[in-house]
4 protein chains.
Amino acid sequence: MIVITSNKITEERIQEIIHTIEKQGVQAHVSKGEDRTVIGIIGKAEPQLAEHLRQMSGVEQVIKISKSYKLASRDFHPANTIIKIGDVEIGGDQLVIMGGPCAVETPAQINEIARLVKLAGGQILRGGAFKPRTGPYSFQGVGVEGLEMMAEAGKKHGLLTITEVMTPEYVDICAEHADILQIGTRNMQNFDLLRKLGTIQTPILLKRGFSSTYDELLNAAEYILAGGNPNVMLCERGIRTFETYTRNTLDLTAIPVLQQLSHLPVISDPSHGTGRRELVETMCKASVAAGANGLIVEMHTDPDNSMTGDGVQSLFPDQFANLLVDLEKLAPHFGKKFDTKKEPIPAGSWIK
Amino acid sequence: MIVITSNKITEERIQEIIHTIEKQGVQAHVSKGEDRTVIGIIGKAEPQLAEHLRQMSGVEQVIKISKSYKLASRDFHPANTIIKIGDVEIGGDQLVIMGGPCAVETPAQINEIARLVKLAGGQILRGGAFKPRTGPYSFQGVGVEGLEMMAEAGKKHGLLTITEVMTPEYVDICAEHADILQIGTRNMQNFDLLRKLGTIQTPILLKRGFSSTYDELLNAAEYILAGGNPNVMLCERGIRTFETYTRNTLDLTAIPVLQQLSHLPVISDPSHGTGRRELVETMCKASVAAGANGLIVEMHTDPDNSMTGDGVQSLFPDQFANLLVDLEKLAPHFGKKFDTKKEPIPAGSWIK
Amino acid sequence: MIVITSNKITEERIQEIIHTIEKQGVQAHVSKGEDRTVIGIIGKAEPQLAEHLRQMSGVEQVIKISKSYKLASRDFHPANTIIKIGDVEIGGDQLVIMGGPCAVETPAQINEIARLVKLAGGQILRGGAFKPRTGPYSFQGVGVEGLEMMAEAGKKHGLLTITEVMTPEYVDICAEHADILQIGTRNMQNFDLLRKLGTIQTPILLKRGFSSTYDELLNAAEYILAGGNPNVMLCERGIRTFETYTRNTLDLTAIPVLQQLSHLPVISDPSHGTGRRELVETMCKASVAAGANGLIVEMHTDPDNSMTGDGVQSLFPDQFANLLVDLEKLAPHFGKKFDTKKEPIPAGSWIK
Amino acid sequence: MIVITSNKITEERIQEIIHTIEKQGVQAHVSKGEDRTVIGIIGKAEPQLAEHLRQMSGVEQVIKISKSYKLASRDFHPANTIIKIGDVEIGGDQLVIMGGPCAVETPAQINEIARLVKLAGGQILRGGAFKPRTGPYSFQGVGVEGLEMMAEAGKKHGLLTITEVMTPEYVDICAEHADILQIGTRNMQNFDLLRKLGTIQTPILLKRGFSSTYDELLNAAEYILAGGNPNVMLCERGIRTFETYTRNTLDLTAIPVLQQLSHLPVISDPSHGTGRRELVETMCKASVAAGANGLIVEMHTDPDNSMTGDGVQSLFPDQFANLLVDLEKLAPHFGKKFDTKKEPIPAGSWIK
């Protein structure tokens with residue numbers, strides 16, 4: 001950590017700053033420049049020290065050299081974290097495909113979609129029972145029953161399941177029914193929820209807040225890890241920028257950056273990242289080329305009539321299957337394995 | 001609502017879209033252009049219809065003319081909402097000043113600050129007992145005890161109190177101790193929290209998400225209003241942009257915009273909006289000129305040593321008092337009244 | 001300047017970095033931490049040194065403590081720059097009002113608007129002869145003739161004039177006809193244009209790029225100042241953010257920030273900053289409260305039929321006059337003087 | 001085009017709007033809703049009509065259905081534009097690699113880099129003779145001599161050349177020396193420059209403004225196309241967002257979007273898009289997976305000592321060569337061909 005003083009600081013004030021530093025049991029190393037004084041801090045300071053120094057009068061800038069997160073950092077844990085759930089290993093050399101509808105709607109719908117995800121070669125069934133919606137009058141998900149419908153569909157077709165949890169009090173029931181819990185973009189900094197997730201062992205897919213930096217995402221992961229749950233994967237799902245043609249701006253550079261800074265697996269979500277069906281397949285491939293450990297993709301048997309209105313970004317089942325065939329060929333170029341079932345899904349061969 | 005079709009749509013598909021519209025009991029009014037067909041929807045459709053139509057194949061764009069929120073809109077409620085708490089009326093012709101520390105630290109600290117807020121002429125004491133922090137190792141607030149300390153200080157000095165609540169399960173206890181509940185920027189779209197706030201009558205200060213649009217803020221307010229709590233005030237506290245010199249970019253235009261779109265009071269938070277003490281006073285005045293119904297301002301007796309590190313944006317008590325003297329003169333130009341106690345607070349006259 | 005090395009740097013490499021620094025005739029002051037080494041640079045280095053060091057392998061970060069601009073900084077020039085043109089002093093205690101249409105259209109139009117600007121108390125007539133337009137098929141301005149029309153209207157009514165110049169080759173002819181040259185937001189980093197402006201003495205109003213930082217704006221000003229033209233004023237005109245309700249997000253905090261960092265006058269442009277007539281008056285007042293040295297405001301006698309389509313953000317002449325009456329009362333609160341002519345402009349009293 | 005009126009419009013005003021529309025020789029098709037009236041415009045209106053209507057009082061919104069650019073749109077020109085220069089075809093099934101230093105420095109430097117680009121299999125040599133720099137004290141390029149050095153190096157090694165032109169008056173001399181002219185991100189809306197580029201036939205690489213939308217980029221291309229130069233390629237080089245870890249946020253979704261909206265080739269620039277060497281190779285591959293027609297990549301023989309300070313984002317020659325070997329294998333998966341020379345470039349085998 002480095003402290004840069006303002007240019008009219010008194011010697012007395014410099015001594016007070018040094019005293020504040022040394023009270024923490026770390027050393028202050030002072031360089032006096034022509035205008036400003038620079039104080040380097042040597043040793044491991046408490047994270048609060050930076051915050052404390054930043055607000056002291058006479059301090060112009062405090063520069064942290066060490067990262068504010070530890071358990072999430074690759075410095076601390078050099079090897080990749082691999083999350084094993086049954087046969088699926090997330091973060092290793094498998095390419096992991098999570099597919100399914102935005103929302104669980106009916107038992108028939110989620111069952112048919114599960115059949116198709118499995119047929120195409122996907123390993124994990126996605127589907128929301130609780131939906132975060134901008135306005136109170138939109139469809140809010142079918143609730144706990146949806147958890148049950150999805151669990152059953154997953155079991156029947158041999159798929160793991162992932163579903164979103166929005167509030168601490170629902171964590172336990174969601175964790176009973178699903179194999180992975182998803183934290184949505186608006187909840188990345190819902191700290192009580194993160195703390196609760198640290199108390200369980202269920203794997204967590206933590207979506208990047210739509211305006212959160214890499215550092216903030218890794219600090220959010222740190223809440224879960226520090227609580228005692230090491231099974232966290234990160235998810236890039238697009239950020240908010242000035243461009244409105246796409247729903248979000250998918251920041252694929254996040255993938256290699258997060259993999260360099262952290263040991264946690266990184267999943268890409270081109271469905272929310274683009275918000276447009278005609279872009280999803282291309283951006284799935286680009287995600288794999290950027291090094292993603294997996295993809296989470298919306299697929300629906302009847303996207304014209306999905307209950308959330310997200311059909312516009314859902315692939316049709318045959319598109320989903322064709323995409324997975326392409327990914328199978330592509331994966332080895334990026335050190336990944338992926339096997340489809342080699343059975344095509346002809347257009348219209350499914351129950352709407 | 002207007003539906004614009006893609007340019008190669010079949011007549012059959014147009015009929016299906018019209019059928020979907022008319023099933024909702026509203027009328028479809030069709031204009032065929034050279035390339036595209038435009039379908040106007042006349043009558044009051046359910047909010048879901050737009051979402052449904054948007055995802056239908058053959059639909060290129062759905063344009064909502066009506067707003068997605070109702071209770072929050074000025075169309076629905078033309079007169080200003082005035083929230084009365086004791087003698088204080090927020091949203092009327094009073095200029096309301098909320099002052100205090102980022103976090104409640106000790107009984108002595110909050111008591112001394114309360115004394116100074118009152119002395120300067122402020123009406124409401126702010127202070128956090130629960131603090132949302134980017135990383136898990138930062139100071140997280142003193143918790144429930146902080147609520148009690150602040151309630152006592154407020155009572156002793158004749159000030160109303162406002163404090164932040166972060167999770168649904170703490171809403172009741174916070175509402176017992178504070179007169180106003182604050183929802184932080186990261187929780188603006190914590191929908192379970194918003195729903196819970198709709199079930200009480202305590203006034204709510206809802207901060208704009210740091211990357212949320214006006215429309216999203218008003219939809220978040222709609223959750224609370226729709227739940228049955230009409231006592232909502234909106235707060236502009238800065239948005240995230242590419243500029244990093246300031247902590248956020250304070251969007252003062254939000255004030256007249258929100259007052260035109262909505263009847264709810266609008267409060268400005270220049271402390272978080274700028275993140276720099278030397279800018280706070282100027283931006284408080286600019287906020288009043290932009291029409292703010294009130295200000296929420298950080299003030300601390302010992303900002304060099306605040307426990308959250310937010311001291312850098314806290315005014316000293318004498319600055320706070322001088323600011324309020326200026327605001328008293330300024331307020332009448334903007335249709336507001338504000339009375340200070342006319343007692344100066346000399347620098348250093350307080351207990352650190 | 002401070003250099004922070006990566007954490008696995010060799011001693012040999014550190015010596016190479018030190019050698020690179022000392023070759024410039026400045027001192028390197030080395031602090032070895034547990035992981036990283038921090039090298040402080042003492043003395044005045046060439047600006048290129050930072051760029052050079054940043055790219056050296058083994059260097060993780062280079063932190064500049066000094067600003068990259070000099071002549072534009074308040075450290076270098078502590079007193080306010082006051083630009084005097086005739087009776088008008090920009091940057092001192094006068095509040096300066098620049099009003100007029102987006103584009104000069106006809107002699108009659110610009111003459112009538114000049115009459116109204118003068119009548120209301122404005123000092124400077126604005127109007128574009130060359131218009132930067134997103135697409136090639138939009139109205140591009142009337143060109144050189146527009147310069148003449150405006151110069152004549154200004155002279156007749158005793159107003160200074162300001163007009164936009166878009167390319168180096170037109171600087172001379174624009175400077176012959178207008179008292180102030182405006183550089184538009186898209187040209188803030190048109191460096192050849194900036195260099196050309198440094199060779200004349202005509203005052204320049206330099207608009208902030210719609211996605212430019214304060215630092216970049218001050219560096220752009222530095223180009224003009226370093227060329228030899230000290231008469232530069234800065235203009236905040238709104239930045240591009242995720243919010244689309246307003247045309248731009250007017251960043252009023254830029255005003256006090258730029259005035260702290262620099263000695264140059266700062267003008268606010270709420271017309272482009274909001275893009276909506278119904279917000280312009282409020283944001284003009286807020287700009288004055290934020291400390292603006294002047295305002296540039298679009299006003300049109302027939303905004304429904306302006307040739308650029310910017311009528312939507314133009315005030316009517318009576319609104320403009322009423323605004324100036326309000327500003328006259330407000331200005332003294334912010335250390336400014338402003339006198340209107342005290343003659344009201346009744347609605348409809350002008351020639352369309 | 002659709003006009004939506006405000007909700008308190010008079011019948012008389014509606015008639016005036018209709019009259020304004022019909023004066024243009026197009027039809028107005030009126031739908032009266034409960035609150036608002038919607039007027040559809042049928043027929044081909046002048047582009048100015050939208051601008052005109054938008055500013056009329058009583059008009060709330062004008063929605064353009066047709067795009068504002070024509071020649072750049074795929075609707076107008078369904079087949080891909082293929083730009084042929086010698087053996088190189090940009091926009092067809094070749095993957096085109098442009099490599100070289102940020103700036104031309106000396107004849108020896110550019111000659112050695114040209115040799116390495118050719119050896120690795122690249123087709124085009126990049127290098128700047130005129131450099132746009134944020135501040136006036138940074139290295140500004142070697143100027144016209146640099147054009148000559150690069151032309152010679154290109155000729156000697158059988159490479160096409162691309163260089164940046166910053167101002168209309170230098171277009172001709174740059175076009176004499178280089179095969180392709182590059183327009184930098186800060187000049188995307190330098191309209192006089194765009195107009196000048198329309199008067200020549202030299203191929204243009206038009207970089208997206210760092211805060212420009214797809215629509216604005218295509219309108220900028222339209223200026224060149226409308227002037228008579230059909231040889232335009234678009235370039236995604238990263239946009240400015242809130243994330244500061246990377247120099248910019250590379251928006252790879254721009255690639256498929258621009259290819260859907262337009263027939264022009266799309267090039268990706270991961271060097272500026274990321275600003276970090278360690279991310280460039282991964283993002284080059286992801287760009288190809290996103291469908292890029294080519295890449296423009298910074299490579300330098302001595303990045304520690306590049307004159308612009310951009311060495312931090314330059315690949316070493318051996319990294320560049322290895323990347324091209326990988327791209328050769330990858331290209332066929334995305335319908336592209338690319339042949340390297342199969343000769344490895346061992347680390348350190350070049351002249352610094």
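These points cover the domain layout, the A–B and C–D interfaces and the salt bridges of a predicted model.

1. Domain layout of chain A. The domain assignment divides chain A into domain 1, residues 2-63, and domain 2, residues 83-334. The C-alpha centres of domain 1 and domain 2 of chain A are 44 Å apart.

2. Annotation from the record. An unreviewed UniProt entry places the feature "domain: DAHP synthetase I/KDSA" at residues 82-324 of chain A. Over residues 82-324 of chain A, helix accounts for 37% and strand for 16%. The C-alpha atoms at the two ends of residues 82-324 of chain A lie 22 Å apart.

3. Extent of the A–B interface. Interface size is often expressed as the accessible area lost when the parts come together. For chain A and chain B the buried area is about 4200 Å², with 45% of it on carbon and sulfur atoms. A:Gln55, A:Tyr137 and A:Asp304 provide 18% of the area that chain A buries against chain B, which is more than any other three residues. In terms of contacts, 52 residues of chain A and 51 residues of chain B take part.

4. Polar content of the A–B interface. There are 37 residue pairs in polar contact between chain A and chain B, counting pairs with both residues at pLDDT 80 or more. On the side of chain A that touches chain B, the elements giving two or more residues are α2 (47-54), α6 (191-197) and α7 (214-227) of chain A. Of the elements of chain A, α7(A) gives the most to this side, with six residues. By class, the side of chain A that touches chain B holds 17 nonpolar, 22 polar and 13 charged residues.

5. Salt bridges between chain A and chain B. Six salt bridges are found across this interface. In one, the side chains of B:Arg240 and A:Glu216 meet at 2.6 Å, N to O. Another salt bridge links B:Glu216 and A:Arg240, with the closest N and O atoms 2.7 Å apart. B:Glu216 sits in helix α7 (residues 214-227) of chain B, while A:Arg240 is in the loop between β12 (232-236) and α8 (254-261) of chain A, so the pair joins two chains.

6. Extent of the C–D interface. The contact involves 52 residues of chain C and 51 residues of chain D. Chain C and chain D bury about 4200 Å² between them, and carbon and sulfur atoms give 45% of that area. Of the area that chain C buries against chain D, 18% comes from C:Gln55, C:Tyr137 and C:Asp304, more than from any other three residues.

7. Polar content of the C–D interface. The interface of chain C and chain D has six salt bridges. One of them pairs the side chains of C:Arg13 and D:Asp304 at 2.3 Å, N to O. The polar contacts across this interface come to 37 residue pairs, both residues at pLDDT 80 or more. Elements that give two or more residues to the side of chain C touching chain D are α2 (47-54), α6 (191-197) and α7 (214-227) of chain C. The largest share of that side, six residues, is from α7(C). The side of chain C that touches chain D divides into 17 nonpolar, 22 polar and 13 charged residues.

8. Overall count. Over all chains, the count comes to 80 salt bridges.

Terms used: Residues numbered from 1 in each chain as written. Chains lettered and ligands numbered in written order. Predicted model: local features only at pLDDT ≥ 70, side-chain atom pairs only at ≥ 80, totals over all residues. Heavy atoms only, no water. UniProt positions renumbered as here; feature names shortened; annotations may be inferred. Helix = DSSP H or I, 4+ residues; strand = E, 2+ residues; numbered from the N terminus. Domains from an automatic or database assignment. Contact = heavy atoms within 4.5 Å. Buried area = accessible area lost by both parts, 1.4 Å probe. Salt bridge = Lys/Arg side-chain N within 4 Å of Asp/Glu carboxyl O. Polar contact = N/O pair within 3.5 Å; in protein donor to acceptor, adjacent residues only side chain to side chain. Nonpolar A, V, L, I, M, F, W, Y, C, P; charged D, E, K, R; others polar.
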